[in-house]
Amino acid sequence: LERILDYDTARKIKRVIITGCGDSYSAAGAMLPAFKAHSGLRLASAPDPMDFCRFYSEDEVRKGNLPDETLVVAVSQSGGSARIVEILEKANGLNVLSMLISNSPESKGAKAAKLMYNVETPSGCNTPGLRSYFASMIAINALGAYIGLSRGHITLERFFAIKDAIVNYTQSFMEQERYERVDDLMFDVSKTWKDFEKFEIIGDFDEGFSAQFVEEKFIECAGVHTTHADSEDWCHINYFLRDPKTIGTVFMVNSKAPDFDRVVYAVRSSTAIGRPTLVVTDANASEFPAEAIVCEIPSPDEAWLMPIMDFAPGSILAAYVAAVADKFFFGGRYDYRTQKWNFGGFA
C-alpha cells in the first residue's frame, strides 16, 4: 500500500467512496463499517454503482473536500467490466483520486485507474467467487487501516492488530472439526432443500451485505429465485408470501447487533408459519426456536470481523443445493465437477 499510495497523499484523504458490481459491491458494503472504524473517516460510503455513475453530482462525490482529499475506489476482481471503467473515468473526470482493487493489473479498469491495488489472489478454482470476495474484503480492511495509520487515527500497533484479528478469526472458523461440522450440516440441509425454487436470505446492518452475497450465490449456483431483506422489512412484507413451507429461509445473525432481539423475533415468526429456517450465527443455539436449524460460527472479538466469514455457510449451502439437484452453476454454463465452462448452451 505504501508503494501504491504514499503517506502524504493518504494523510490528506477525507472522503472515500467504495463501490463495485455484484459480489464486489457486497464486499464494499460489508466492509464499510470496518473501513470507517479503521480509517477514522466519517465521510466514507458505499453507493450502488449505477447510483454513483449516473446520479452522484460533483458535490455529492467530494462533500466539500478538495479533489486530492477525495478517493473513489472501484472493486472488481476481473477489472474488465464497462461499469467499473465508468466508475473510474467519472472519478478521473472530477480530478479526484481513483483506485482499482483487483486481481487483474492488466485489465481495462487498471488502465483507467490512477492507483492500482493488486490483491494477488493465488490461482485456483474461484467458483462461484468465494476466494475473490474474501480477497476484496481483506483489501478494503487493509486500505482503511493504512489510511487511518497515515492520518494518525490508529497506531502502528493497532494496524498490525487489525491484520492479526482477521487471520485469527479466519483460522478459528477454518479449524478442521468446526469446518467439517459446518460443511456436514450444510450438506444435510441441502438434501431437504434441493427441490425448493424460492429462497430468502435475511441480514441486518453488516450482515445485510453478507445476505446479499449469499443471495447471489443461490442464483448463480442453483438458478433459483432468491431475494435478500432485513429483518424489519421481512416481518412486514415477505412474511406474507404464499406456501411458506416451500421457501428456504436463511437468517444471518450477529449476537452483538443492537437489534438482536428483533432478529430473534423474526426467526420465531419464520418457524411459526412453517418456513424451513436456517440460522447462521455466533449466538448460542438456545436463543432460537427448536424448529430452526442453527449453524454456529465463532464469535469475533470485534463485531466488524463477522462478515469476513459469516457468508461461508450460506455459500456452501447454495453450492450443495445445486449439486444435490444435479445442476451446473451459472445456468448450466459451468461444470464444477471438471471446472470447465460451456458457453455453447445450457445444461
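**A parallel sheet, its helices and its aromatic pairs**

Strand β3, residues 70-75, pairs with strand β4, residues 97-102, in the parallel sense, and five bridges join the two. One of the residues concerned is A74, whose bridge partner in β4 is L100. The model described here is a predicted one.

These two strands belong to an open sheet of five strands with parallel pairing. Read across the sheet, the order is β2-β1-β3-β4-β5. The edges are formed by β2 (43-45) and β5 (115-118), each of which pairs on one side only. From one strand to the next, the twist averages 15°.

Helices lie across this sheet. Helix α5, made of residues 82-93, lies across β1 (15-20), β3 and β4. Its direction is at about 160° to β4. Helix α7, residues 130-150, lies across β1, β3, β4 and β5. The angle between α7 and β3 is about 165°.

One charged side chain is placed against a ring: K90 lies over the face of F52, 5.2 Å from the ring centre.

The aromatic rings can be followed next. A pair of aromatic rings is described by the distance of the centres and the angle of the planes. With ring centres required to lie within 6.5 Å, the count comes to 21 aromatic pairs. In one of them, the ring centres of W234 and Y239 are 5.9 Å apart and the planes stand at 90°, so this pair is edge-to-face. An angle over 60 degrees is what that label requires. The two partners can also be described by their accessibility. W234 counts as buried because its relative accessibility is 0%, and the cut-off for buried is under 20%. Y239 has 28% relative accessibility and therefore counts as partly exposed.

Another edge-to-face pair is formed by F260 and F288, with 6.2 Å from centre to centre and 75° between the planes. This pair links distant parts of the chain, since its members are 28 residues apart. F260 is in helix α12 (residues 260-272), while F288 is in the loop between β9 (277-281) and β10 (293-296). What relative accessible area does F260 have, and is F260 buried or exposed? The value is 15%, so F260 is buried. F288 counts as buried too, because its relative accessibility is 6%.

Aromatic residues also come together in a group: W193, F196, F199 and F218 form one aromatic cluster.

Key:
Residues are numbered from 1 along each chain as its sequence is written. This is a predicted model: local features need pLDDT of at least 70, side-chain atom pairs count only at pLDDT 80 or more; totals for chains, interfaces and linings use all residues. Side-chain values use heavy atoms; hydrogens and water are left out. Two strands pair if DSSP finds at least two bridges between them. Helices (H or I, at least four residues) and strands (E, at least two) are DSSP runs, numbered from the N terminus. Axes are lines fitted to C-alpha atoms, for helices over the stretch in contact, and angles run from 0 to 180 degrees between N-to-C directions. Contact means heavy atoms within 4.5 Å. Rings of Phe, Tyr and Trp (its six-membered ring) pair if their centres lie within 6.5 Å; planes under 30 degrees apart count as stacked, over 60 as edge-to-face and the rest as tilted. Buried means under 20% relative accessible area, exposed over 50%, partly exposed in between (1.4 Å probe, protein chains only). A charge sits over a ring if NZ of Lys or CZ of Arg is within 6 Å of the ring centre and within 35 degrees of the ring normal.
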